[in-house]
Amino acid sequence: MGTPVEEIETAGKSVRRGARRARDVALAHAPERVHRGRILANRLAMYARNRRTDRSVDRSDPKRFDAILDEYSADTVFVHVGLRDVKSAFDRNPYEFLLSRLDDRFESVLTQGFTPAFRSPDGIYHKQFSLPRFGAFARLFFEDCDYRTEDPTNSLLVRGPYRFDDCTHRDTWSRAGAFGKLNRENVLYLDIGTDWLRASQIHYIESILGVPYMRTVEYDGVVYTDETTYERVTHRSHAYDDEVRWNRPKLEAGLREAGVLDSYDLSGLRIRAFRARELREWLAPRIERDPYYVVT
C-alpha cells in the first residue's frame with residue numbers, strides 16, 4: 001500500500017481511464033449525426049479562435065532563433081513557414097535570413113510544393129513550371145530547390161541531396177509514397193512563424209488509418225517532367241466528405257504534454273518542432289479510439 005496521497009492519485013487515474021473507456025464506447029456506437037455535430041462544433045470553434053488570435057510579433061534577437069535551431073541535430077528538415085512573422089521578428093529579408101540559417105544546419109531542406117489545380121478536370125502538372133499554391137516561402141524556395149517530386153497534387157521540394165526516387169508518386173498517401181518515407185525515417189519538422197501547428201503528415205496518418213471523413217479519389221491528367229516529356233496518369237489523392245477543420249489547439253496541447261512537440265515563442269514568433277513518426281505514434285491510438293479525434 002502507498003501513502004494516502006498516492007492512493008488518491010492512483011484512484012483518480014483509474015477513474016479517468018474508466019471515463020475515457022466509457023466515452024470511447026459511447027462514441028463508437030454514436031449515430032453519424034452526432035459526429036457531424038462534433039465536426040461542426042469544432043469548425044465553428046476554430047473559426048472563432050482564428051478571429052481573435054493575436055498575431056502581433058515584436059523584434060527579437062536573431063541569436064535566440066539560432067540557439068533554438070542549434071538544439072536539433074538532423075540531416076534533413078521539413079519546414080512550414082510564415083514569412084510575415086519572420087520579417088516582423090528580425091526586420092530583414094525573411095526568406096534569405098531563414099534559408100541561410102537552414103542551409104548552415106541541415107544537409108537537406110524540404111517544403112511542400114502542392115498544386116491542387118491538378119484536381120480539376122484534365123489537370124496538368126509541370127514538374128518544372130507549376131508554381132506551388134500555398135505560401136510565399138514555397139514559391140520562393142521553388143526557384144532555389146534542387147529537386148521536386150512528380151506527385152501532381154502534393155509534390156515536395158528539396159534543397160540538398162535527400163531524394164524520393166524509390167517512392168511511388170501516383171498515390172500521395174500510400175505507405176510507399178513520399179510521406180510514408182518521411183514517417184519511416186522520422187524526419188524532423190519545423191513550423192516557423194505559422195499561426196497554428198502545420199503538419200502535412202497528418203493527412204498521411206488520416207489516410208493510412210482510414211478515417212471516415214476522408215476518402216481516396218482518383219484524378220486523371222497529364223504530368224510533364226520536362227518541357228517536352230509528358231505522361232497521362234491516374235493519380236490517387238484524398239478528399240474530405242465534409243468541410244472539416246483540424247482541432248489544432250487540442251493537438252498542440254496533447255503533443256506538448258506528451259513531449260512530442262517542442263514549442264517556442266520569440267516575442268510573438270511561434271516555432272514548433274516535432275518528428276514525423278513520433279507524431280504518428282502519438283496520434284494513431286487516439287484515432288483508433290475515436291476516428292474523428294483530429295477534427296473534433
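Trainee: In which sense do β3 and β7 pair, and over how many bridges?
Mentor: This is a predicted model, in which local features need pLDDT of at least 70 and side-chain atom pairs count only at pLDDT 80 or more, while totals for chains, interfaces and linings use all residues. Side-chain values use heavy atoms, with hydrogens and water left out, and residues are numbered from 1 along each chain as its sequence is written. Strands here are DSSP runs of E of at least two residues and helices are runs of H or I of at least four, numbered from the N terminus, and two strands count as paired if DSSP finds at least two bridges between them. Ile124 stands opposite Val222 in β7 and His126 opposite Tyr224 in β7, and the pairing of β3 with β7 is parallel, over four bridges.

Trainee: How many bridges link β7 and β8?
Mentor: A hairpin of five residues joins β7 to β8, and one bridge sets Arg215 against Ala239 in β8. The two strands pair in the antiparallel sense, and the count of bridges is 11.

Trainee: In the open sheet formed by three strands, which strands stand at the edges?
Mentor: The order is β3-β7-β8, and the pairing is mixed. Each edge strand has a single partner strand, so one side of it is left without a neighbour in the sheet, and these strands are β3 (123–126) and β8.

Trainee: Which helix gives the most to the largest nonpolar core?
Mentor: A nonpolar core is a set of buried Ala, Val, Leu, Ile, Met, Phe, Trp, Tyr and Cys residues joined through side-chain atoms within 4.5 Å, and the largest one has 40 residues, with Phe164, Leu182, Leu251, Leu283 and Val294 making the most contacts inside it. At least two residues come from each of β5, α7, α8, α9 and α10. With five residues, the element that gives the most to this core is α10.

Trainee: How many residues are in the other core that lies apart from it?
Mentor: Among the members of this other core are Tyr72, Val86, Phe142 and Ala273. The number of its residues is 33.

Trainee: What residue with a positive phi follows α8?
Mentor: Helix α8 (residues 201–209) has as its buried residues, meaning those under 20% relative accessible area with a 1.4 Å probe and protein chains only, Gln201, Ile202, His203, Tyr204, Ile205 and Glu206. These pack against α7 (178–184), β6 (188–192), β7 (214–224), β8 (230–240), α9 (248–257) and α10 (276–289). After the helix, with a phi near 65 degrees, comes Gly210.

Trainee: Is Ser174 buried or exposed?
Mentor: Ser174 is found in the loop between β5 (156–159) and α7. Leaving aside residues up to four places away in sequence, Ser174 touches (heavy atoms within 4.5 Å) Thr168, Gly180 and Tyr204. Because its relative accessibility is 18%, Ser174 counts as buried.

Trainee: What is the angle between the planes of Trp173 and Phe179?
Mentor: A search of the whole structure finds 14 aromatic pairs, where rings of Phe, Tyr and Trp (its six-membered ring) pair if their centres lie within 6.5 Å, and planes under 30 degrees apart count as stacked, over 60 as edge-to-face and the rest as tilted. Trp173 is buried at a relative accessible area of 4%, as is Phe179 at 1%. Their pair is tilted, with 4.6 Å centre to centre and an angle between the planes of 45 degrees.

Definitions and conventions: Buried < 20%, exposed > 50% of the residue type's maximum accessible area, 1.4 Å probe, protein only.
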